[in-house]
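Subject: Structure for you to look at

Dear colleague,

I am passing on the structure we spoke of, and I would be glad if you could read the notes beneath it with the model open.

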Amino acid sequence: MYPFASLPENLAAFCRTLRLQDGFHIGPGEVHDAARALDVVDLANERAVRHALRPILGGTLDDVTVFDAAFTRFFCPAPAAKANERPSPPAEPGTSGDGRDVGAGPAHHPPSTEADADDASRPGGGPMIPLESTGDGLEEPAVFAPSSYSPLAVDALDAPELPRSDPGWRDAARSFVRRLHVGLTRRWQPASRGRRFDLRRTLRAGLQTGGETLSPRWLRRPRRAPRIVLLIDGSRSMSAYARTALQMAVGLAAATTRVEVFAFSTELRRVTGDVRRAAAGEVRRLDRLHRAWAGGTSIGACLRDFLRRFGERTVGRDTLVMIVSDGLDVGEPDVLRDAMRELRRRAAGVVWLNPLLETEGYEPTAAGMRAARPHITTFASVTDQAGLLQLSRMVRLRA
């Protein structure tokens, strides 16, 4: 692989190029996720490597075009550029770039640039040091990060703030919950209108009119209150759409108490308590998400973890599972396929909200979407309150 001999050196150099030349916000956490993704893909397949790194290192839709151009420029340069502009690997400590020993004399540092100063100011900034190549081809695809890096510090910096309950989202959520049809209860209850005549209550009401049955009474079976489980993808590729998803979560929590909210990236976290407090008017920040936010994407593993830890208590015949994600998954497609199949078997319906559906020309051809599509009952996109109202007319649940 160009330009260095070992995989860690290539990955570290490529990430540094994206940070300095293209303005990508990449830290040790993203480099670690990228190394893990490359550990499970076929490195001989350039297309697979490109698709694995794109959702991890690119944070927005605009980054996709820049990433593809940078990937081609770095790994697949023109023959002339490859021969004339081949970068040299990092020099060993105590030697110059051409291998000469510089002794113990004073170190000569190149003048610092504005980009380098920006690197140093970021959390966990500074150069990323690749593993030293041993030449035997057995080195692990991992990268050393500065020892001062702390996942908790990065998590606190990137922790999203929950928006307060908005009247528009609350009204749209109430309408959405009211239109969900998950079947009727087994218990008959008194009602002014119903399907069954209540003889006993009708005769008792006739005592007030001298035995004349002037006011018939009825019984009906009320609808079951639906339970909603909302799983929000908090990966870097979803950063532009995360606020809308959180607004929808707060609106649903203000409309019904039968809602559970989870955030996931490479791990799963339950955030129902914080969302309910935000719906009550408190200012809340999700500051304990750790690897469940602003990292890579492992949808299948997170859904499997959700089913194992919370499936028995939260998913049933009256449950609507809503997954907000762009479907850019770097995990095993079989794991995602099995988790989606199990969700479809247990729940009344599985809704997948993909914000990329609003993009002109978008086709759900990513490996994650191809694995999940057969088990989705409603495939749509919600970007505002009107979209949530429209979704209420599209969802069909199993009674």
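The notes below take up a sheet, the helices lying across it, and then one helix by itself.

This is a predicted model, in which local features need pLDDT of at least 70 and side-chain atom pairs count only at pLDDT 80 or more, whereas totals for chains, interfaces and linings use all residues. Residues are numbered from 1 along each chain as its sequence is written, and side-chain values use heavy atoms, with hydrogens and water left out.

Six strands (DSSP E runs of at least two residues, numbered, like the helices, which are H or I runs of at least four, from the N terminus) form an open sheet of mixed pairing in the order 9-8-7-11-12-13, where pairing requires that DSSP finds at least two bridges between two strands. Strand 9 (268–270) and strand 13 (378–380) are the edges, each pairing on one side only. Within the sheet, strand 7 (residues 227–233) and strand 11 are parallel over six bridges, and L231 has I323 of strand 11 as its bridge partner.

Helix 10 (residues 242–255) lies across strands 7, 8, 11 and 12, at about 160° to strand 7, while helix 15 (residues 385–394) lies across strands 11, 12 and 13, at about 155° to strand 13; contact means heavy atoms within 4.5 Å, and angles run from 0 to 180 degrees between N-to-C directions of axes fitted to C-alpha atoms, for helices over the stretch in contact.

In helix 13, the buried residues (under 20% relative accessible area, 1.4 Å probe, protein chains only) are L336, A339, M340, L343 and R346. They lie on the same side of helix 13, because they cover an arc of only 130° around the axis, taken from the directions from the helix axis to the C-beta atoms.

Best wishes

Conventions: Buried means under 20% relative accessible area, exposed over 50%, partly exposed in between (1.4 Å probe, protein chains only).
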